[in-house]
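Subject: Structure handover

Dear colleague,

Here is the structure we talked about passing on. Please look it over, and then read the notes below it.

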Amino acid sequence: MDSAGDAEGNFSVIGLVEDHTVPGGWSAQPVAAFRYANSSDPLPELVGGSQIAWIGGKPPIAEPPCGFDGKKCSLPHDPGVLFAAGAVAAAAVLAAALLLRHYRYEQKLASVLWKIEAKDLTIISACSDNKTSIPQEVDTRRAHTTIALYRGNIVAVKKLNKKSIDVTRVIKKELKQIRELRHENLTAFVGVCVESGSACIVSAYCSRGSLARVLADRDLLLDDMFVAKLVADLLRGLTYLHDSPLVSHGNLTSSNCLVNSDWVLQIADYGLHTLKSMETEDALRLEKRMLWRAPELLRDPNPPPWGSQKGDVYSFGIILYEILGRSGPWGDTNLTNDEIIGRVRHPIGGVLFRPPLSGLAARPSVLAVLNACWSERPDRRPDLRLVWLRLKDMHAGMKTNTFDNMLAMMEKYASNLEALVEEKTNKLTEEKRKTDDLLHRMLPRTIAEALKRGEHIQAESYDSVTVFFSDIVDFSHLVATSCPMQIVDVLHDLYTCCDAIISYYNVYKVEPVRDAYMVVGGLPERCSKHAAEVASMALHLLDVVPQIRIRHNPVARLNIKIGIHSGQCAAGVVGIKMPRYCIFGDTVNTAARMQSTSDPQKIHVSHDTYVMLRKHGGFHFKERGIVNIKGRGEIKTWWLIGEDHERRRAPFYRFQPGVSRSSVRGSYDETGWSTERSILNIRDRARLSCGGSLGPGSALSSPGPPACACFVPQRDHHSAPAVSFCED
Ligand SMILES: Nc1nc2c(ncn2[C@@H]2O[C@H](COP(=O)(O)OP(=O)(O)OP(=O)(O)O)[C@@H](O)[C@H]2O)c(=O)[nH]1
Ligand SMILES: [Mg+2]
């Protein structure tokens, strides 16, 4: 109590204090007190407050910042002041945003992201040494444009024909604009290389080349789906361009539509009109571009390089026509480019000149779109979205998914290629067959095959072969009375006929020299009946040769002298550049002597051959007597005069060394030759056509006397028979 008897307040501050003596570790204890230092003080002082554990480390403020009733923070209430303040703030924010935007724009313009350093471009030429760095899909011979390697990618490089390049602000704007365009159906712009005053535009490379080239490739089958996909790609790309800041293309041609490796059509050479302006261009190139240009642009003395959207629609119409017709932008026409452009610009007699639609296989709806796209009045041309709608029928077969479309295109292309490969393989096989045929005419088949395999041909010795020689009687007289070309004709006819006959026997013909003809039996494949083969063939030839008509002297007849001898010999290939299969040995000389000592239309047979033929049986002889053969002395020789006709039973087969026996009917001995076959009726044989105009089967199966068998020389199947022989 104080002196006045008033009670003095005794205030203590109780706080939570850590206390391990109580459960929970905390207890409320006095932590500070209020004391009056002087009795005159109106309020007590806080003593010991430092021990208090305040939340947040300090005591709470005594009053809220804006006072207990918020009056301390109240704004001025004048609306004019408020509005002015807001407007200033908004203007400041807008100005800051605009400034930032402009700054960024300027920065983008100034940035040289479009710039390509010449040192980063490695030009690839068709004869580039560095083939390993060129990706497989790049066929440099089919590029048709300059291609280069840029940061590991193949790019197309288009050089601008300008004397000097000044990269102005407008050009920078164009470059920025074009860099921002991205679409699946536009070729991706990579950059521009400006070096020492010249410039080139670098863009992504499309490996399948331009649409014009794809359409010109006759091996490529473009079915409806292919066509629809190409048209759809073109429309998509063009629509994107029309909706972009570029607004239009201005130079839409089939060479500016490229096809990439995935068969996606991409539009190229869009934009950059200022950069490309003032290019010194080839007049022919300029003229070619005009073929796709709309009439109103052709008439304009200063057409804008970006053309117009309606102008693009006209160009689209021409390209659509090109895709459907595959015969160029104006079809098969005799008019020159200049004449076409002239007629489009100034129609003659008011009749509009457009590509011919007759013979174009297309749906009526597509033809209607074509006509609409190349309307004379631009405002009558549909816009691209309408074109897309009107071509709905055309796109009906297409898949909605781009990837599926791509896959379908690839599959189509692969099967197209398969058919193409098959066709080319057939052609190749046919060519190979012809080459083999030619080779087999020059060398025995087994030898030719071994030579093809690169094997060395060892000369072989044969114990027993039969050598045949024939020679035209009075050939020197024939030569003296004919001109060289007539002689060539006679020999050609004779050899064509003889070759056809000997192909029916198991014998090998050695190259003829002048009128002399040499045939050997028993090599290169050994054959036990070689003497019979040669004898039969000799009788056949003897019968046929006199029936060959001499073209320039039809009444004259060819007669031959034949000599045959059997014995041992060696045979092998001589020469490397022009290998020849040659036969060596005394047997050859003796056979030649047998021929030279023979008589016209007689077959002179040595005693050795006679013994073999007797053993074989079926041949008829007449003894000639003792003849002096140079080198052999006096030997007994024979005339072969005939063979037993009735011994022929089996069908007559053409002999083809190397052909498996099982593939041919008939009975064969170990040489691949039918026993009966070698003993043929000479009359029947005579009916066999030379040159194969009648097959062997037909000659033997037709009963009764045969009709005249003629052959037409192989070199001209349309001419009248040059040589004919008939049965007497
Ligand atoms: N394979 C392939 N060929 C291309 C590529 N780019 C252009 N070409 C072809 O290269 C040739 C020359 O192209 P450009 O210099 O653009 O000439 P243009 O297209 O005929 O005519 P403009 O573009 O009108 O000047 C044309 O046949 C193009 O189709 C590409 O990326 N790949
Ligand atoms: Mg081009």
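A cavity here is a set of grid points where a 1.4 Å probe fits but cannot get out, and its lining residues have an atom within 4 Å of a point. The model is predicted, and what follows was computed from it.

Cavities

By that definition, the lining of the largest cavity consists of G250, N251, L252, T253, R289, W292, R293, A294, L297, G311, D312 and S315. Its volume is about 80 Å³. Helix α8 gives the most to this lining, with three residues. Sorted by class, the lining has four nonpolar, five polar and three charged residues.

S315 sits in α8, which covers residues 309-325. With a relative accessible area of 6%, S315 is buried, since the cut-off for buried is under 20%. Beyond residues up to four places away in sequence, S315 touches L252 and W292; L252 and W292 are also among the residues that line the largest cavity.

The whole structure has three cavities of 30 Å³ or more. The second largest holds about 50 Å³ of space. Around it are F468, S470, I472, L494, Y495, C498, D515, Y517, L541, V545 and I560. The elements that supply two or more residues to this lining are β11 (460-472) and α15 (484-502). Its classes come out as nine nonpolar, one polar and one charged.

Second largest pocket and the magnesium ion

The second largest pocket has a volume of about 1100 Å³. It is lined by 47 residues, and those closest to its centre are T145, K158, N256, D269 and R285. Two or more lining residues come from each of β6 (153-160), β7 (189-195), β8 (198-204), α3 (211-216) and α6 (283-289). The largest share, six residues, is from β8. The lining divides into 22 nonpolar, 13 polar and 12 charged residues.

N256 and D269 are also the protein donors of the magnesium ion (ligand 2), through OD1 of N256 and OD of D269, at 1.9 to 2.0 Å. N256 is in the loop between α4 (224-243) and β9 (257-259), and D269 is in the loop between β10 (265-267) and α5, so the pair ties together parts that are 13 residues apart in sequence. N256 counts as buried because its relative accessibility is 6%, whereas D269, at 22%, counts as partly exposed.

Helix α2

Helix α2 spans residues 169-179, and its buried residues are I171, E174, L175, K176 and I178. These pack against α1 (79-110), β7 and α5 (273-276). Residues three or four places apart in an α-helix point the same way, because there are 3.6 residues a turn.

Strand β3

E45 belongs to strand β3, residues 45-47. At a relative accessible area of 46%, E45 is partly exposed. Apart from neighbours within four places in sequence, E45 is in contact with A33, F34, R35 and A37. The C-alpha atoms of E45 and F34 are 5.1 Å apart, with their positions 11 residues apart in sequence numbering.

Whole chain

The chain has 20 helices and 20 strands. Of its 728 residues, 42% count as buried. Among contacts with a separation of 6 or more, 67% are between residues 24 or more positions apart. The accessible surface is about 40200 Å², and carbon and sulfur atoms account for 56% of that.

Regards

How values were computed
Residues are numbered from 1 along each chain as its sequence is written. Chains are lettered from A and ligands numbered from 1 in the order in which they are written. This is a predicted model: local features need pLDDT of at least 70, side-chain atom pairs count only at pLDDT 80 or more; totals for chains, interfaces and linings use all residues. Side-chain values use heavy atoms; hydrogens and water are left out. Helices (H or I, at least four residues) and strands (E, at least two) are DSSP runs, numbered from the N terminus. Buried means under 20% relative accessible area, exposed over 50%, partly exposed in between (1.4 Å probe, protein chains only). Contact means heavy atoms within 4.5 Å. Accessible areas come from the Shrake-Rupley method with a 1.4 Å probe; for residues, only the protein chains shown count as cover. On a 1 Å grid over the protein atoms alone, a cavity is a set of points where a 1.4 Å probe fits but cannot get out, and a pocket is an open set with protein on both sides within 12 Å along at least five of seven lines; lining residues have an atom within 4 Å of a point. Grid points are joined across faces, edges and corners, and a volume is the space filled by probe spheres set on the points. Ala, Val, Leu, Ile, Met, Phe, Trp, Tyr, Cys and Pro count as nonpolar, Asp, Glu, Lys and Arg as charged, and the others, Gly among them, as polar. Donors are N, O and S atoms within 2.8 Å of the metal (3.2 Å for Na, K and Ca); water is not among the atoms, so sites may look incomplete.
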